[in-house]
Each structure stands twice: as structure tokens, then as C-alpha cells.
Amino acid sequence: MKQLYIKYLFLFFYINLPTFIDEEPKNFSFYALYLSSVSLVITVFFAFTSFSMNNVMLEKISTDGRVESMCNVISVFLMAFVVFYMAYSNRFFLKRRTKELGIYTLLGYRKTTISSLLTFENIFICCGAFLVGLLLGAIVHKGIVIGITALLHLSVDNSQIPLFNIDAVAKTAVFILLVVFVLCVSNGGFLFKTSLMELIRFEKKAEKPMKFHRLPALLGIIMTVSGYGLALDIFRGSKSLWISVGFYPVGMLTAMLIAIGTIFFISSFLPYAMKKSKSNKRAFYTETKIITTPNFIYRIRSNAKTLIMLTLLSAATLSVSSIMALTVYYPIAAVSRIAPSEIEFRIEDEAHIDTAKQIVSQYADTDTVIFTQTNIYKVTSSASQLPMEYSIGTAKGDADNENIKRDAGFECISYTDYTTLLLAQGKNDVIASLPELNDEECILVKYQPNSDNSTEIGNTYPLLIGDAYMPVTVKEVTLDNPLSFANSIGTLIVSDNICKQIKSSDAPTISVMSINGKAVEDNEALYAEISNMLNQSPYLQGHSHRVNELFSMNSSTFLLIGFLVVLFFIATGSILYFNNISAISDTKADYEILIKMGYTNKRIKRIIKKQVLSIFSIPFVLGLLDCFFAAAVYKTALMQNLLGNRFSQYVPVILSVALTAVIYAIYYWVTIHTCYKSIFKK
């Protein structure tokens, strides 16, 4: 057995090394990218496995088993993704070498020997990738631990976390061994069912050409536009099909229309449109287009399945990364409304005011801290139509054990108290845009914009003050609430004079203390001490505390999804690279003819750029469209609309798309650079 392994190893180097040297740099670039891409995939897998087996970190960030459950689910997706990617990469390189394998068969090598050689080759590459992946994965895992520890302010002894988790190494090794076994079985099956002539000509064999007709081309446009139209229907609010029919049925229908429409659009409409463009003789018969257009049509028809897969993969990559970015950013941005002050609590005991100031003085100079006491007056109204803020909410804020609805009514504060709070919270721009109020006017603070885009401006609400009703008309509605929703939801800002009348009428009153200033920001110890003073009151809210809670609850979720996004990027970019390099290599003789015809290197480089750009741009542009509609549906249907339609909330999606574009640009640059080397090598 040992002699047999030595024989196969000798044959492996005897056959592959001269070929590798003679055809360098083409083979080197192929194998270098194959090795690096597989190494990256193993790096991500090993880093994830190490994290999922890091009991020290899991005990710190998971108290209910949620993170462990997510790790198990995402682990399945990761393994399936790694198998898919490595199988695709292996089949790509096998196709690139079929002519060579056919020659070996002609020379007398048996297919069992060739299969063994391929097995040794896979083992050799995967072992190298495994070693690189272990080293990089261990470093990435350490970086993740340090990042989460710093972000969540955890007390973790890094000495308890080894650089290489033995269990994670063993799991990764067993998984890669199984993948290699699957690849070897696949290669063997391919060799034994492929004849000698097919092996020699297989490199020139493309996917089965997909014929294009007008009907599928038109159907692709109609289905894609219909899918996007259904996505936009979400903006109709309560009248939308997403509400009347159901979110999941309409969501599945939308996804199906867009997916099938994409298939027809790529396989039928694009080649049909390009074929029609050839009828414009003046535009077609140029020294560049006469080459690029027929080549584009051929590549679309012969590689339609691959391009469709890349488009759907690109759409998934862009959508998942954008939705994750929106999910990370939106709750944090919404904290500015949920808890606008750094610390806020309801004054249920007057002694708490002085005690709170004493506690604050232990952490900061009280001269730099702004203490604001606000009186809130409960007032009812006799209006026939009242805003939803009049009655929503619970009696004890957002306490988990309290589901008693609050008493319906407006919670009135004076105009002066409103501006004082905004100033303490640093919202000078809001103060600058505030209108002046007379005694017959008010400002209504909305919990969230109305789903039907209606507005209460101009509505009149008679307020019961004492025994008489005082009508006030809404002059403006705003989302800039000065108090947390735990202490006030139906907030109505009235003039100082009206507020004095309400106070004198003995209306139900509550007082709220707000503490603001740079000196008290992001101070969990201060917040905890005030919470103990108030016996963990549900009316205690804090801006920085809420942000820290969100990071603590969601950081592990976003990290785990991030592993999948990274794999999407690696797979999409690498497949685009392999596909374009393969196409350029197959048409190398055509470029040599163009050079003999007098085409300059500059002109040929321009042709290569356009050909590669067309294949890169189709998945990216179509995926980008799918991403925008998916993000719009996700935000509108599944996220609470606390911030209205401010442009700032879409910034994470834009940044995510920009990052994806940069990654695509890097892959594009590497691809055309390799193409240049393949065509213009000495």
C-alpha cells in the first residue's frame, strides 16, 4: 500500500510539475486563485467553528441558548455553501484539464490512475488551503473575540481562549476530508462516464445553448416588472396586498416572479435585444462592437445557466448585506426617539431628585450636567376623531410584566419645557425650525407616521380643562419627542399660558427628571446605581444604556450572518473570475488573429474590458435592483417606522452597496489583469 502511494505521488509530480512550469503563468494564476479562494472559505469556516465552540464567549453573550441555536442553523448553511463552492471550483479546474487528461489516456494511462492523480491533486491543494485557513481562521477568531469584548465591555480572560481550538480543528479537518472524498467520487464518476473523444473536446464544450424567442423575452420583462410592482405595493399601507392577502404569500409570489423573470430576462431578452441591436449597421460595424456584440450574445447563450446563478447569488449577497446593515443601524438610530435623554426617570418620590444628583456628582462634575424637571399633565379631549397616540401604550412603559393599557388622553407639556429639553439634548436644529404657538395652537408629537400618509395638521382637539373645553388646533406634527415613550406617548406641546390653566385645573400630573451632558454619556455604572435607587423602575430610560443593550442582544446575530455574507462575496467574485478567465482563454486564438489584423494592444485591452465588464455588470445591476426592492419591503413591512422617511436611515444600505461595488471592482481589476497576462504574455 505504501509503495502504491509513493507511485501515485511520483506520477502526480511527474505529470503535473512540467505542465505547470511550461504553461506558467496561466496555470500559476489559476492554481493561485483556486488555492487562495479555498483558503478563504476554510478561514471563514474555521473562524466560525472556533467561535461556535468558544464556551467562554458563549457564556458571556448567550443566556437563553439563542446564540447556540443560531450557530447550529448557520453551521448547516455554511457547510452546504462550502461544499457547493468547492464542488464548483473543482469542476471548473477539471474542465480546464480535460484535454490534458484525454492525452494521458491516449498515452496508456488507465482512468483509475488518472482518478488517483486527481485525488492526490485535490488532497495536495486542500491540505495547503487547510493549513493557511487554520492560521488565518485562528487570527480572525481572536480578532472577533477582542472586538466583541471591547464592544460589549465584557470581562474576558483571553488566556482561557486558545489560539487553536482542538475541537474546531478536528471538526474542520473531518469536514474538509469529507468534502475531498465527495470531490474525488465526483471526479471519478465524471472520468468513467466520459469517452476519450469527449475528454479531448470537453474544454471547448459549453453549456447547452439556450434558444431565445420573443415570447420568453417578453415574459421575462413582464414577470420582473410585475415582481417589482408587487414589492412597491407595500407602500400603500393598509390597502396593500401584503396586508390584505398576507405577507408570506405575497412575498413568495414576488420572489418567484422576480426569480423566473430573471431567468427569462437573461436567457432570452438580453440576447434578443443584442441581436436586434445588430440591425443598426452604423453602430454595429465599428472595430470594437463588431467583436464584442457577437461574443456577448454567444456567452449569454452558452453560459446562461452560470450567469443566472451568478445574478441570483449577487442579489442574495447584496440583499443580505444591505438588510443586515439596515437591521444593525435602524434600532440604534431609533434610540434617539425611544430614549432621547441620556438618563430619564419618573419622579415618584421627591427625595429621589437630590439622591440622583448626589449619585451623578460621584461620576461627573454636576456643573457640566444638565438636570431638567418636566411636568406632564394628563388631559382628555372630546374630539370625534383622535390620533392613535391618544390611546396606545401601557401603564408602565415597556415593562415585560405589564400589559395594562394606559389611560387614554393627551400628555401636555409647555412650549418652554419642550425647547428646554431639546436644548439639553443638543437638538439645536429642531429648535431653530420650531414655529411660535398662540393659545389656540399646539404641536402633536407622533409615535410614528400614519401608514396612509395622512396628517393631523389642521385638526382641532377640544381639551377638557377644569369644567370647560379649550379647542387647540394642530399647527405642526413632529417626530422629535423630548421624553421617552416609557413616560409619554401622546405628547402635546401647548403654549405656556394654556399649560398654566391646565396646572391650575388640578389635572393629573407626573414629573420626569432628565439628565443630559457629555459627562454622563455611556456610563453604565451610573445608570446601574440610579436603577438600584429606583428599584429597577420601568420608567427609567437611558440613551447609551439602550444602545449598549442593542449591541449586546444583536452583535452575535450580526456576526453569524456576517460569516455567510463573506462567503457570498468570495463565491460570487471567484466564480465571476473563473468564468471570465475561461472564456478569454478559450478565445485566445481569436485575439491572436486580431493582433495579426493590426489591432493595437490598447484596442484589444478595451475589447477585453468591455467583454469582462458586461459579465460583471449584469449580475451586479440586476442584483442591485433586487436588493433595493427587498430592502424597501423589509423596512416597510418588518421594521417599526419610528424615524419616518428621513434619508439618513438609508445610508447603511448605500454604504453596504458601495462596499459590494468596491469588492466587485477589485475582482474585476484582478480578472482583466489576468486576462491581459494570458493574451499578451511573451
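User: Which residue just after H18 takes a positive phi, and of about what value?
Analyst: That is Asp-506, with a phi of about 60°. Please keep in mind that the model is predicted.

User: Staying with H18, which of its residues are buried?
Analyst: Helix H18 spans residues 496-504, and Ile-498, Cys-499 and Ile-502 are buried there.

User: Why are they said to line one face of the helix?
Analyst: Looking down the axis of H18, the buried residues fall within an arc of 100°, so they line one face. The general rule helps here: an α-helix has 3.6 residues a turn, so residues three or four places apart point the same way. The face turned away from the buried side carries Lys-500, Lys-503 and Ser-504, which are exposed.

User: What covers the buried residues of H18?
Analyst: The cover includes strands E2, E3, E5 (460-465), E6 and E7 (491-494).

User: E6 brings me to Thr-478 in that strand. Why is Thr-478 called buried?
Analyst: Its relative accessible area is 8%. Buried means under 20%, so Thr-478 qualifies. Thr-478 lies in E6, which runs over residues 468-478.

User: What is Thr-478 in contact with, leaving aside its neighbours within four places in sequence?
Analyst: Its contacts are Tyr-418, Ile-443, Leu-444, Val-445 and Lys-446. In addition, the side chain of Thr-478 reaches the backbone nitrogen of Asp-480 at 3.0 Å. The limit for a polar contact is 3.5 Å, and 3.0 Å is within it.

User: Why is Val-320 called partly exposed?
Analyst: Val-320 has a relative accessible area of 29%. Buried needs under 20% and exposed needs over 50%, so 29% falls in between. This residue sits in helix H14, residues 304-338, and touches Ile-561 and Val-565, not counting residues up to four places away in sequence.

User: Turning to aromatic rings, what makes the pair of Tyr-390 and Phe-410 edge-to-face?
Analyst: The structure holds nine aromatic pairs. In the one formed by Tyr-390 and Phe-410, the centres are 5.0 Å apart and the planes are at 75°. A pair needs centres within 6.5 Å and edge-to-face needs planes over 60 degrees apart, so both conditions are met. The two residues are 20 apart in the chain: Tyr-390 is in the loop between E2 (370-379) and E3 (410-414), while Phe-410 is in E3. Both Tyr-390 and Phe-410 are buried.

User: And what makes the pair of Phe-620 and Tyr-664 tilted?
Analyst: Here the planes are 55° apart, with 5.1 Å from centre to centre. Stacked means under 30 degrees and edge-to-face over 60, so 55° makes the pair tilted. The pair links helix H22 (residues 601-638), where Phe-620 lies, to helix H23 (residues 651-680), where Tyr-664 lies.

User: How do you know that Phe-620 counts as buried?
Analyst: Its relative accessibility is 17%, under the 20% limit, so Phe-620 passes. Tyr-664, at 9%, is buried by the same limit.

User: How do you know that the charged end of Arg-346 sits over the ring of Tyr-539?
Analyst: The charged end is 3.7 Å from the ring centre, and the distance limit is 6 Å. Lys-357 likewise sits over the ring of Phe-371, at 5.5 Å from its centre.

User: Lastly, which residues have the most contacts inside the largest nonpolar core?
Analyst: They are Ile-266, Tyr-591 and Ile-608, in a core of 78 residues. H22 gives the most to this core, with 12 residues. Apart from it lies another core of 19 residues, including Tyr-377, Leu-444, Val-474 and Leu-492.

Terms used. Residues numbered from 1 in each chain as written. Predicted model: local features only at pLDDT ≥ 70, side-chain atom pairs only at ≥ 80, totals over all residues. Heavy atoms only, no water. Helix = DSSP H or I, 4+ residues; strand = E, 2+ residues; numbered from the N terminus. Buried < 20%, exposed > 50% of the residue type's maximum accessible area, 1.4 Å probe, protein only. Polar contact = N/O pair within 3.5 Å; in protein donor to acceptor, adjacent residues only side chain to side chain. Contact = heavy atoms within 4.5 Å. Phe/Tyr/Trp six-rings, centres within 6.5 Å; stacked < 30°, edge-to-face > 60°. Lys NZ or Arg CZ within 6 Å of the ring centre and 35° of its normal. Core = buried A, V, L, I, M, F, W, Y, C linked by side-chain atoms within 4.5 Å. Arc of directions from axis to C-beta.
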